[in-house]
Amino acid sequence: MRVPMLSRIYNKYIVVFLLVWGISSGLSAQSRPYKWELGVQGGCGYYVGDAATHVFTNVREVYGGHLRYKFDKRWALQLKGLHQVIRGSVPDEPDFVWSNKLINLDVVAEFNFFRLGLQEYDSRVKPISPYIFLGIGVGLYGFNYGTAAAYLPFGMGVKWVFAPRWQLQLAWQHNLYFADDLESVESLGNTHRLNGSNVLNCDLTGQLMLGIVFEFGREKKICKYCL
């Protein structure tokens with residue numbers, strides 16, 4: 001009689017141990033987030049300067065990609081490249097419509113207002129979070145992209161983790177150039193001889209973009225039993 005009873009007790013302990021091990025392994029797997037993200041985005045862009053004084057005027061296409069490194073669930077660093085087309089007309093010659101192509105390369109620091117993720121056991125973690133960003137960049141434009149100018153990228157957006165390792169992101173970015181000749185039109189370039197020295201006289205571009213993101217590069221294990 002004692003042998004079967006001891007066997008049942010041992011079996012219970014084994015079941016409890018397996019359950020605890022499975023739960024702890026699952027939590028360990030969830031607690032090791034992916035540190036890198038690779039994404040693509042596209043949308044509409046605009047230009048504000050001597051030939052356009054309002055946002056979302058002469059809207060044209062914009063597209064690109066980014067690589068992001070996440071320090072934690074709130075802070076991240078993003079490297080992004082975008083291709084944009086801007087266009088407008090000369091104020092004194094409304095029939096003369098010009099267009100120019102831009103390549104924007106920037107590095108921005110991001111801050112999520114909520115801890116972003118799918119970790120259900122932590123009530124502080126949310127699948128949706130607004131975020132803001134600020135950084136530095138360089139734009140290439142003109143004939144064969146032969147002209148370069150620095151700019152200040154900043155903006156805001158929303159991130160949504162809709163599945164493990166996948167996100168959707170909506171961002172509205174502004175690029176304040178330290179230049180006044182994005183049009184590559186002589187009559188519009190640096191008209192007041194204040195190119196780069198007066199922020200109020202600088203050109204500005206903007207992009208409203210929707211992107212999809214894939215996470216990779218999970219953190220290293222903290223113990224040999226972690227998944």
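**Close-up 1. Lining of the largest cavity in the predicted model.** Fifteen residues would be too many to label here, but of the 15 that line the largest cavity, Q41, Q78, Y131, Q169 and A171 lie nearest its centre. The elements that each give two or more residues to this lining are β2 (60-70), β3 (75-90), β7, β9 and β10 (204-218), and the largest share, four residues, comes from β9. The volume of this cavity is about 140 Å³, and by class its lining is made up of six nonpolar, six polar and three charged residues.

**Close-up 2. The second largest cavity and the residues around it.** The structure holds two cavities of 30 Å³ or more, and the second largest of them encloses about 40 Å³ of space. The lining of this second largest cavity consists of E37, K70, D72, W75, A76, N112, L116, K159 and Q167, which divide by class into four charged, three nonpolar and two polar residues.

**Close-up 3. K35 and its surroundings.** K35 belongs to strand β1, which spans residues 34-48, and this lysine counts as buried because its relative accessibility is 11%, where the cut-off for buried is under 20%. The side chain of K35 is joined to the side chain of E219 by a polar contact of 3.3 Å. When residues up to four places away in sequence are left aside, K35 touches R68, Y69, K70, F71 and D72, together with F216, G217 and E219. Among these contacts of K35, K70 and D72 also line the second largest cavity shown in the preceding view.

**Close-up 4. The hairpin of β7 and β8.** Strand β7, covering residues 128-141, and strand β8, covering residues 147-163, pair in the antiparallel sense over twelve bridges, and within this pairing P130 has V158 of β8 as its bridge partner. Five residues lie between the two strands of the hairpin, and in this turn G142 has a positive phi of about 85 degrees.

**Close-up 5. The hairpin of β8 and β9.** On passing to the following strand, β8 pairs with β9 (residues 166-177), again in the antiparallel sense and over twelve bridges. A163 has W166 of β9 as its bridge partner, and the hairpin has two residues between its strands, with R165 taking a positive phi near 75 degrees. Strand β9, seen here as a hairpin partner of β8, is also the element that supplies four residues to the lining of the largest cavity.

Technical notes: Residues numbered from 1 in each chain as written. Predicted model: local features only at pLDDT ≥ 70, side-chain atom pairs only at ≥ 80, totals over all residues. Heavy atoms only, no water. Pairing = 2+ DSSP bridges. Buried < 20%, exposed > 50% of the residue type's maximum accessible area, 1.4 Å probe, protein only. Polar contact = N/O pair within 3.5 Å; in protein donor to acceptor, adjacent residues only side chain to side chain. Contact = heavy atoms within 4.5 Å. 1 Å grid on protein atoms, 1.4 Å probe; cavity = no way out; pocket = protein on both sides within 12 Å on 5 of 7 lines; lining within 4 Å. Points joined across faces, edges and corners; volume = space filled by probe spheres on them. Nonpolar A, V, L, I, M, F, W, Y, C, P; charged D, E, K, R; others polar.
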